[in-house]
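Welcome! Let us take a friendly walk through some side-chain contacts, with the model open beside the text.

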Amino acid sequence: MGYYDDDYESSPRKQKGNRGGFLLAALVGAILGGLLILFSIPALGGMGLLPDNYSSNEDNAGVNEQNGINKNVNVNVTTNVTDAVSKARDAVVEVLNIQQGEFWNQGQQAAGSGSGVIYKKEGGKAYIVTNNHVVKGASRLEITLSNGTKLKGTLRGTDPLMDLAVVEIDGSKVKKVAQFGSSSSLKPGEPAIAIGNPLGTFPGSVTEGVVSSADRTMPVDSDEDGNPDWQAEVIQTDAAINPGNSGGALLNIGGQVIGINSSKIAQQEVEGIGFAIPSDTAKPIIADLERYGEVKRPFLGVGPIPLSQVSSYHRQTTLKLPPSVKSGVVVMDVDPLSPADRAGIKEMDVIVALDDKKIGSPLELRKYLYTKKEVDDKMKITYYSKGKKKTTTIKLGLQKSS
């Protein structure tokens with residue numbers, strides 16, 4: 001019994017004496033264990049041993065500050081470009097060219113599509129400018145507005161020489177009209193924004209670039225005879241212009257139309273060379289097409305070829321030109337009752353100057369007529385007839401619609 005008491009009493013005493021050490025050891029172990037767990041969590045997560053949705057409060061705080069996925073970030077993306085696009089985008093439409101099929105049972109079919117720009121709304125009607133090649137050969141025109149509304153288009157007039165056309169639609173559905181700016185002060189390197197309907201499947205597409213050149217020239221063969229009839233002055237841009245963009249708007253940074261997109265150089269080794277008809281060139285043509293259905297251009301009434309295409313033998317024997325005459329245009333035909341006919345100009349005469357300005361090609365002759373003269377203006381012509389130098393003054397007429 002005493003043993004028991006001794007043992008009972010002595011054992012508690014020994015335990016009482018070691019209790020502080022035991023508690024201290026347990027506390028240190030708990031702290032170390034907690035630290036090990038804390039430091040092992042990132043490693044376990046990286047090894048895929050923790051569930052994907054596991055996170056501590058500290059981790060969440062870091063994620064919320066650094067990971068945009070876990071919080072909404074509002075970014076102001078309004079720029080000069082977005083402002084420009086918003087001003088004109090709804091005024092750019094799709095133009096669908098519908099033609100009669102080749103066979104009687106084919107009916108009318110879509111032959112192609114392009115773009116157009118609404119430039120005017122008046123008297124319940126709205127007017128669209130596009131390219132001549134977009135509407136050429138159409139039996140019917142269908143216009144699709146930016147909101148998807150489809151309207152019948154009525155062709156008012158075309159100008160193959162400058163590749164422009166005007167289409168009329170019902171104006172009751174039209175909410176936006178584009179503002180035209182001036183192209184005369186454009187500078188290489190300034191922003192250029194193209195809006196159109198590339199490939200006929202991406203309406204309202206926007207591309208951005210710069211004005212590569214403000215005064216490029218391109219030969220135009222309007223009658224498709226293989227010989228250029230005109231040297232068109234165009235804007236060159238690297239803003240992407242793809243098939244279907246034709247007739248769409250080229251904008252400046254202010255959202256004004258500075259050009260009507262017309263063409264691009266489509267070669268495998270070429271990238272970013274597109275062209276637009278300058279707005280200052282297009283505006284008087286648009287006005288004539290809307291009002292008259294044609295462009296009012298002065299008319300001379302001759303069919304010329306370059307003298308450079310005539311051999312030296314025929315210059316001497318057929319045309320009887322003196323050796324000093326090196327350039328000019330040979331009159332191959334004269335329209336009956338035309339200003340040239342009334343002035344006495346004949347076939348095989350050689351025109352060398354208009355108003356004392358030397359003329360060396362049909363291109364130069366047409367450019368002088370169309371840019372320097374008006375209908376009913378008087379013009380001095382210097383020419384050679386059977387080797388004799390002559391001058392005459394004529395009154396220009398009105399060119400017939402192409």
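## Two partners for one glutamate

In this predicted model, a salt bridge joins R156 to E168, with 2.5 Å from N to O. R156 belongs to strand 5 (residues 150-159) and E168 to strand 6, so this contact ties together parts that are 12 residues apart in sequence. R156 is partly exposed, its relative accessible area being 30%.

E168 also forms a salt bridge with K125, and here the closest N and O atoms are 3.7 Å apart. K125 lies in strand 3 (residues 125-130) while E168 lies in strand 6 (residues 164-170), so the pair connects parts that are 43 residues apart in sequence. How accessible are these two side chains, K125 and E168? K125 has a relative accessible area of 35% and is partly exposed, whereas E168 is buried at 14%.

## A network around K120

Another salt bridge brings together the side chains of E290 and K120, at 2.7 Å from N to O. E290 sits in helix 5 (residues 279-292) and K120 in strand 2 (residues 108-122), so this pair ties a helix to a strand across 170 residues of sequence. E290 is buried, with 13% relative accessible area; K120, at 24%, counts as partly exposed.

Which residues make up the network that includes K120? Salt bridges link K120, E122 and E290 in a network. Across the whole structure, a search finds 11 salt bridges, and those described here are among them.

## Charges over rings

K120 has a further contact to look at: this lysine lies over the face of Y127, 5.7 Å from the ring centre. K120 therefore takes part both in the salt bridge with E290 and in this contact with the ring of Y127.

A second example involves K296, whose charged end is placed over the ring of Y292. The distance to the centre of that ring is 4.5 Å.

## The aromatic pair

How many aromatic pairs does the structure hold? There is 1. The pair consists of Y119 and Y127, with 6.4 Å between the ring centres and 40° between the planes. The arrangement counts as tilted because the angle falls neither under 30 degrees, as for stacked rings, nor over 60, as for edge-to-face ones.

Are these two tyrosines, Y119 and Y127, buried or exposed? Y119 is buried, with a relative accessible area of 15%, and Y127 is buried as well, at 9%. Y127 thus appears in two settings: paired with Y119, and with K120 over the face of its ring.

Note on methods:
Residues are numbered from 1 along each chain as its sequence is written. This is a predicted model: local features need pLDDT of at least 70, side-chain atom pairs count only at pLDDT 80 or more; totals for chains, interfaces and linings use all residues. Side-chain values use heavy atoms; hydrogens and water are left out. Rings of Phe, Tyr and Trp (its six-membered ring) pair if their centres lie within 6.5 Å; planes under 30 degrees apart count as stacked, over 60 as edge-to-face and the rest as tilted. Buried means under 20% relative accessible area, exposed over 50%, partly exposed in between (1.4 Å probe, protein chains only). A charge sits over a ring if NZ of Lys or CZ of Arg is within 6 Å of the ring centre and within 35 degrees of the ring normal. A salt bridge is a side-chain nitrogen of Lys or Arg within 4 Å of a carboxyl oxygen of Asp or Glu. Helices (H or I, at least four residues) and strands (E, at least two) are DSSP runs, numbered from the N terminus.
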